[in-house]
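Please work through the exercises below with the sequence and the structure open beside you. Each exercise sets a task and then gives a solution in steps.

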Amino acid sequence: GAWQARISGHGFYDAAYSLQGREQYTANLLDEYEGELEFDELYLAGSLTDRLDFKIGRQVVVWGEADNLRVTDVLNPLDNRIPGLVDIKYKRLPVTMSKFDYYTGAWNFSGIVVNEVRFDKVPVFNSDFYPGDAPAPPEREPTSFSLGSQQFGLAVNGIFSGWDLSLYQAWLYDNRAHLTLESGTPVRVHERVSMSGLTGNVAFGNWLLKGEGAWWHALKFATVPDEQVDRLDLMVGVEYTGFSETMLSFEFVNRHLVDFDERLKLSPDFAQQD
């Protein structure tokens, strides 16, 4: 079948830091906010057979039905350096993946190897959106692209008349780092976790009802270092598209920590059961 390639990127430079005096800002802040030049989507895609497609390279793979909140949409991190600036679809960061898609009837089966380790871009110390009054402890990230750092995903999608259904399974690094001690020094680490998800939607005229559920296993927290914590995320949503060029959307998510340990409420986790 036909093959196609895509190369896209972006760059920016904010002269405000030079005009106001770069010496006022930390090197970390300037690295994140003064300028940037990088590749975004960079992939090769094509058909191996009539039913089997293959795509390799930096790409965005959206899981689930939600448009504004994230439950099963876990494969691409977000650029949250300036929170709430744009819609979530513009904030996803492409990640290098190898993706196989098999099609039969109303069903699509996907197998994904996430080759590149990448986490959210977040506000840094001294920026307008950083929540603390001191720099965060150093972050220890897995070695990107190494054989031992590969992450995996499976998806089954069914598209039927008036309704859709999807099943997801992912084995990946927790995008949320937790605090731990290494030789007495606090560091932030990302542990391997698993996510099992189920999503669906049903259309009624101009109305679309949608739902998602995700079971997270083996989450780690600083206040309960010897425990693996499970979490159940549930989303319900509704969309109305009866207006010209206007869509109304409402989504609600609850994230429930199972067998909640009261120590999770303490610093530095400050976790809530729901």
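**Exercise 1. Find how many residues lie between β4 and β5 in their hairpin, and then follow the pairing of β5 on to its other partner.**

Step 1. In this predicted model, β4 and β5 form a hairpin with two residues between them, and Gly 105, which sits in the turn, has a positive phi of about 60°.

Step 2. Strand β4 covers residues 95-104 and pairs with β5 in the antiparallel sense over eight bridges; within this pairing, Phe 100 stands opposite Gly 111 of β5.

Step 3. Strand β5 also pairs with strand β7, residues 151-160, again in the antiparallel sense and over eight bridges, and here the bridge partner of Ser 110 is Ala 155 in β7.

**Exercise 2. Decide which side chains of β5 point to the buried face and which point to the other.**

Step 1. As a general rule, the side chains of a regular strand alternate between the two faces of the sheet.

Step 2. Strand β5 runs over residues 107-114, and its side chains do alternate: Asn 108, Ser 110, Ile 112 and Val 114 point to one face and are buried, whereas Trp 107, Phe 109, Gly 111 and Val 113 point to the other face and are not buried.

**Exercise 3. Work out the strand order of the open sheet of three strands and name its edge strands.**

Step 1. The order in this open sheet is β6-β10-β9, and the pairing is mixed.

Step 2. Strands β6 (139-140) and β9 (178-182) are the edge strands, since each of them pairs on one side only.

Step 3. Strand β6 runs parallel to strand β10, residues 185-189, and two bridges join them; Glu 139 stands opposite Arg 188 in β10.

**Exercise 4. Trace the salt bridges between strand β2 and the loop between β5 and β6, and say which parts of the chain they tie together.**

Step 1. Side chains of opposite charge can pair when their charged atoms come close. The structure holds 23 salt bridges, and one of them joins the side chains of Glu 36 and Lys 121, at 2.9 Å from N to O.

Step 2. Glu 36 belongs to strand β2, residues 35-47, and Lys 121 to the loop between β5 and β6, so this pair ties together parts that lie 85 residues apart in sequence. Both Glu 36 and Lys 121 are buried, the relative accessibility of Lys 121 being 15%.

Step 3. Glu 38 forms a salt bridge with Arg 118, whose closest N and O atoms are 2.8 Å apart. Because Glu 38 lies in strand β2 and Arg 118 in the loop between β5 and β6, this pair ties together parts 80 residues apart in sequence.

Step 4. To compare the burial of these two residues, recall that buried means under 20% relative accessible area: Arg 118, at 15%, counts as buried, whereas Glu 38, at 22%, is partly exposed.

Step 5. Lys 121 also forms a salt bridge with Glu 38, with the closest N and O atoms 3.4 Å apart, and this pair links distant parts of the chain, 83 residues apart.

Step 6. These residues belong to a network of salt bridges that links Glu 32, Glu 36, Glu 38, Asp 79, Arg 81, Arg 118 and Lys 121.

**Exercise 5. Identify which residues of the largest nonpolar core touch the most other members, and then look at Val 74.**

Step 1. In soluble globular proteins, nonpolar side chains tend to be buried together.

Step 2. The largest nonpolar core has 28 residues, of which Trp 63, Val 74, Leu 75, Met 195, Trp 216 and Phe 221 touch the most other members. Strands β4, β5, β8 (163-173), β11 (192-204), β12 (207-219), β13 (229-243) and β14 (246-257) each supply at least two residues of this core.

Step 3. Leaving aside residues up to four places away in sequence, Val 74 touches Trp 63, Ala 170, Leu 172, Met 195 and Trp 216.

Step 4. A second, separate core consists of five residues, among them Tyr 17, Leu 29, Leu 30 and Val 124.

**Exercise 6. Determine whether Ala 45 is buried or exposed, and which residues make the nonpolar surface patch that includes Trp 3.**

Step 1. Ala 45 is found in strand β2 and, with a relative accessibility of 11%, counts as buried.

Step 2. Not counting residues up to four places away in sequence, Ala 45 touches Ala 2, Trp 3, Gln 4, Phe 54 and Lys 55. Ala 45 and Ile 56 are eleven residues apart in sequence, and their C-alpha atoms are 6.5 Å apart in space.

Step 3. Trp 3 lies in strand β1, residues 3-13, and at 42% relative accessibility counts as partly exposed. Together with Leu 44, Leu 48, Ile 56 and Phe 100, Trp 3 makes a nonpolar surface patch of about 450 Å².

Note on methods: Residues are numbered from 1 along each chain as its sequence is written. This is a predicted model: local features need pLDDT of at least 70, side-chain atom pairs count only at pLDDT 80 or more; totals for chains, interfaces and linings use all residues. Side-chain values use heavy atoms; hydrogens and water are left out. Two strands pair if DSSP finds at least two bridges between them. Helices (H or I, at least four residues) and strands (E, at least two) are DSSP runs, numbered from the N terminus. Buried means under 20% relative accessible area, exposed over 50%, partly exposed in between (1.4 Å probe, protein chains only). Patches are made of residues with over 30% relative accessible area and no salt bridge: like charges are joined within 9 Å, nonpolar side chains (Val, Leu, Ile, Met, Phe, Trp, Tyr) within 5 Å. Accessible areas come from the Shrake-Rupley method with a 1.4 Å probe; for residues, only the protein chains shown count as cover. A salt bridge is a side-chain nitrogen of Lys or Arg within 4 Å of a carboxyl oxygen of Asp or Glu. A nonpolar core is a set of buried Ala, Val, Leu, Ile, Met, Phe, Trp, Tyr and Cys residues joined through side-chain atoms within 4.5 Å. Contact means heavy atoms within 4.5 Å.
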